[in-house]
Amino acid sequence: MLKVIVEKEIREILGSVKFVITFGACAVLILLSFYIGAANHKANVEQYNAAKAENTRQMEGLTSWMSLEQHRIFLPPQPLAALVTGSSNDVGRTIDVHRRSELAAVDSKFNEDPIYAVFRFLDLTFIFQIVLSLFAIMLGYDAICGEKERGTLRLSFANPVPRATYILGKLLGSFITLVTALLIAILLSCLILPLLGVSLTGDEWIRLAAIIGTGLLYFGVFLTLSVFVSSRTHRTSSAFLALLVIWVVSVLIVPRSATLLAGRAVDVPSIDELAAQKTSFSRQLWTEYRDAMGSFSAPKDIDPHDMMTHFNKFMDSLSTEREAKMKVFSDRLNEDRFNRQVVQQKFAFNVARVSPAASMNLAAANLAGTSIGLKNRFHETAMEYRKVFGDFIREKTGMNLGGGMIYVEINDDGEKPDPIDPSELPVYTYSPKPLMASFSAAFVDIGILALFNLIFFVGAFVSFIRYDVR
Amino acid sequence: MSENILTIEKPRLEAINLTKRYRDGVLALDNISFSVQPGEIFVMLGGNGAGKTTTINLFLNFIEPTEGEARIDGIITHKDPLAAKERVSFVSENVMLYGDFTAVQNLDYFSRIGGQSEYTKDDYRDALLRVNLAEEAHHKKLRGFSKGMRQKCGIAIAILKGAPAILLDEPTSGLDPKAGHDFIHLLKSLQKEGKSILMSTHDIFRAKAIADTIAIMNNGRIIMLKKSSELAGCNLEELYMQYMTGHDGQRLAG
Ligand SMILES: Nc1ncnc2c1ncn2[C@@H]1O[C@H](COP(=O)(O)OP(=O)(O)OP(=O)(O)O)[C@@H](O)[C@H]1O
Ligand SMILES: [Mg+2]
């Protein structure tokens with residue numbers, strides 16, 4: 001009996017004009033999002049390579065590592081970030097690594113090319129978020145009440161069909177058909193990546209598979225929801241209207257208002273406020289140390305070359321001390337802001353999770369490595385690189401850079417000094433969060449989506465058992 | 001036929017003190033009882049809202065009786081609905097069926113859900129020809145069918161189920177005069193096969209032409225129940241009008 005109902009459901013969906021049209025539109029949009037993702041990634045790679053080459057070229061003229069006050073590092077483009085942009089377009093992709101002052105990522109994609117801020121939405125998750133939910137609603141809203149309107153429900157139940165079997169068959173049949181159709185469209189679209197020359201590592205394919213799985217789970221939420229609403233209403237028009245309202249609220253309104261709400265609920269000082277506090281503290285330190293600097297006295301009868309070394313040493317110790325104080329102060333401020341930010345984000349995410357669209361986005365971004373943590377990860381790896389870079393420079397020059405030192409190059413023999421070899425510089429590499437860590441970060445949201453599926457499934461089931469089929 | 005009724009055969013369809021009060025308080029059926037024997041055609045007449053559809057819905061367990069019970073072959077429909085439904089076919093009014101399926105596909109689905117999975121294409125063709133649906137329409141999607149064509153498919157579905165009892169709610173409402181006439185013949189041939197037929201209609205003349213028993217309903221009650229032999233020679237339409245006004249008059253007086 002179940003088989004008969006499942007088969008009928010599959011045939012009915014595949015034979016309907018509605019399916020052909022909506023699925024066609026869906027497939028085209030999915031294909032488009034993969035194409036745009038691949039094309040964007042290739043453009044990003046080119047840009048990245050050009051920027052790196054330019055950076056190296058600028059170093060070519062230098063003759064001393066001393067004059068290399070800073071080194072520029074770049075966030076390498078990730079193919080998954082092109083599909084699931086997440087926060088990647090908002091994060092600065094360039095950091096100038098100085099020896100001392102704070103590191104700041106600049107030059108985000110939106111910053112450089114504002115047009116992307118407008119088109120930010122045309123990535124895979126956006127297509128999933130909008131298109132999959134609408135697709136599910138279009139094919140699910142009349143699942144039950146539509147059959148009632150057409151009288152086929154009466155006719156079916158004039159036969160010895162248990163209600164549980166019927167609703168199970170309907171849910172199973174539509175789920176199998178639609179998910180298979182979507183999977184085919186998505187997998188074919190995946191072929192675009194290798195065809196356009198974007199190669200993914202095995203790790204990235206696993207992530208992509210999980211992202212697709214998350215998308216299908218999200219689709220399942222809206223499909224079961226639609227059948228649920230359909231089995232609570234007696235007219236297709238009211239089911240459709242109700243679903244449209246739910247869609248607008250959960251897909252468009254909730255995720256955005258969650259951010260607003262979190263902004264109200266948790267106060268985070270702005271970057272400018274922080275900078276102002278830091279500047280005034282640094283000024284205060286300067287005045288303290290200016291007096292200390294005045295107290296420099298060189299030992300008598302010393303030759304000028306040694307004198308310079310002495311002075312530098314003295315200055316070095318002073319500035320190290322000052323830096324340490326400054327660091328403690330700004331670390332405290334940064335940490336405080338960071339903690340508040342974390343609280344605010346958590347608040348916003350938890351409110352947003354009422355909407356499956358938010359859960360889907362969060363899970364996909366975590367899996368793609370473009371979650372809000374991307375910025376911190378880039379920053380942290382840059383900090384680590386700064387240590388390596390600082391050590392390298394110290395090894396090359398015997399001195400720390402920055403901090404108001406003076407260095408004089410004494411060129412005794414008038415020989416031309418050899419240029420430095422930029423390839424000696426330590427290489428900065430960015431590695432995304434490990435696979436398992438990404439999965440466990442996405443776990444909550446995937447769990448929420450699964451839970452939504454279950455709730456609406458049970459809801460549809462229970463409602464149908466009591467449904468008036470006449 | 002009439003000999004059959006006189007024998008002590010068990011009734012196939014039975015309404016016993018059937019009462020239905022809807023949740024909004026409307027008393028749609030008020031303690032009605034009747035029975036339909038194998039091979040008998042039982043026709044319910046009555047104005048809009050008299051309770052005909054409610055009666056049929058009770059036999060199909062679409063609703064539960066407030067009091068009393070409906071039985072099919074002795075099975076109480078609201079106690080064991082699945083077993084009861086194995087024994088009954090149903091033709092409802094205004095069924096749209098599946099618009100994206102062809103006539104044959106609709107027949108195939110409903111036959112299989114009704115427990116008949118052995119049918120071949122030929123069986124479907126024969127059934128559709130039996131209800132006079134032109135052969136070129138058999139493999140067309142129902143979306144483009146007229147009301148009467150869909151009704152014919154609905155009747156074919158009921159025939160294919162092969163159940164001993166057939167419930168029909170205004171089956172002729174969408175049929176043209178010729179199709180209505182053919183339909184009467186079809187019912188007669190089903191009767192010959194021993195089917196019990198319970199039908200509601202507004203068509204007094206067709207009712208008289210085929211019914212073995214006629215019930216006139218009003219306000220949830222059977223106000224007249226007569227065998228066709230008792231009605232021979234009398235004008236059913238006049239009788240109907242008399243009963244309706246008489247009943248209303250009684251009610252107003254009382
Ligand atoms: N779902 C319902 N809820 C409340 N009242 C109902 C419901 N269905 C029918 N009724 C009422 O029950 C009564 C009998 O209705 P029913 O549909 O059985 O009449 P009918 O004889 O089939 O009429 P018609 O010839 O118009 O089809 C009517 O008064 C109707 O208003
Ligand atoms: Mg009716």
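**Salt bridges, a bent helix and a shared interface**

In this predicted model, Glu147(A) and Lys170(A) bring their side chains together in a salt bridge, with N to O at 2.6 Å. The two partners come from distant parts of the chain: Glu147(A) sits in helix α7 (residues 145–150) of chain A and Lys170(A) in helix α9 of chain A, 23 residues apart. Both ends of this pair are tucked away. Glu147(A) has 0% relative accessibility, so it counts as buried, and Lys170(A) is buried too, at a relative accessible area of 4%. The pair also has company, since salt bridges with shared partners tie Lys8(A), Glu9(A), Glu12(A), Glu147(A), Arg150(A) and Lys170(A) into one network.

Side chains of opposite charge can pair when their charged atoms come close. A search over all chains turns up 30 salt bridges in the whole structure. One of them joins Arg340(A) to Asp336(A), with the closest N and O atoms 3.4 Å apart. Here the partners are four residues apart in helix α14 (residues 304–352) of chain A, which means that about one helical turn separates them. Arg340(A) is partly exposed, with a relative accessible area of 35%, and Asp336(A) is partly exposed as well, at 38% relative accessibility.

Chain B has its own example: Arg130(B) forms a salt bridge with Glu193(B), and their closest N and O atoms are 2.9 Å apart. Because Arg130(B) belongs to helix α5 (residues 121–130) of chain B and Glu193(B) to the loop between α7 (177–192) and β8 (196–200) of chain B, this pair ties together parts that are 63 residues apart in sequence. The relative accessible area is 32% for Arg130(B), which makes it partly exposed; Glu193(B), at 48%, is partly exposed too.

Now for the place where the two chains meet. The contact draws on 28 residues from chain A and 29 residues from chain B. Between them, chain A and chain B bury about 2,600 Å², and 61% of that is on carbon and sulfur atoms. On the chain A side, Leu155(A), Pro160(A) and Arg470(A) lose the most area to chain B, together accounting for 24% of what that side buries. Two salt bridges are found across this interface. The side chains of Glu7(A) and Arg112(B) also meet in a salt bridge, 2.9 Å from N to O.

Next comes helix α17 of chain A, residues 435–465. At 1.5 Å a residue, its 31 residues should span 45 Å, and the 43 Å between its end C-alpha atoms agrees with that. Even so, α17(A) bends by about 45° at Phe443(A). Its buried residues include Leu435(A), Ala442(A), Leu449(A), Phe452(A), Phe456(A) and Phe464(A). The buried residues of this helix pack against α8 (152–156), α9 (163–190), α11 (202–230) and α15 (356–368) of chain A.

Finally, the nonpolar interior. The largest nonpolar core has 157 residues, and among these Phe34(A), Tyr166(A) and Ile214(B) touch the most other members. The biggest contribution to this core comes from α11(A), which gives 13 residues. A second, separate core holds 20 residues, including Ile73(A), Leu374(A), Phe389(A) and Tyr428(A). Back in the largest core, Ile214(B) is one of the best-connected members. Leaving aside residues up to four places away in sequence, Ile214(B) touches Val43(B), Leu45(B), Ala207(B), Lys208(B), Met224(B), Leu225(B), Lys226(B), Leu231(B) and Leu236(B).

Methods: Residues numbered from 1 in each chain as written. Chains lettered and ligands numbered in written order. Predicted model: local features only at pLDDT ≥ 70, side-chain atom pairs only at ≥ 80, totals over all residues. Heavy atoms only, no water. Helix = DSSP H or I, 4+ residues; strand = E, 2+ residues; numbered from the N terminus. Expected span 1.5 Å × (residues − 1). Bend = angle between axes of the 7 residues up to and from the residue. Buried < 20%, exposed > 50% of the residue type's maximum accessible area, 1.4 Å probe, protein only. Contact = heavy atoms within 4.5 Å. Core = buried A, V, L, I, M, F, W, Y, C linked by side-chain atoms within 4.5 Å. Buried area = accessible area lost by both parts, 1.4 Å probe. Salt bridge = Lys/Arg side-chain N within 4 Å of Asp/Glu carboxyl O.
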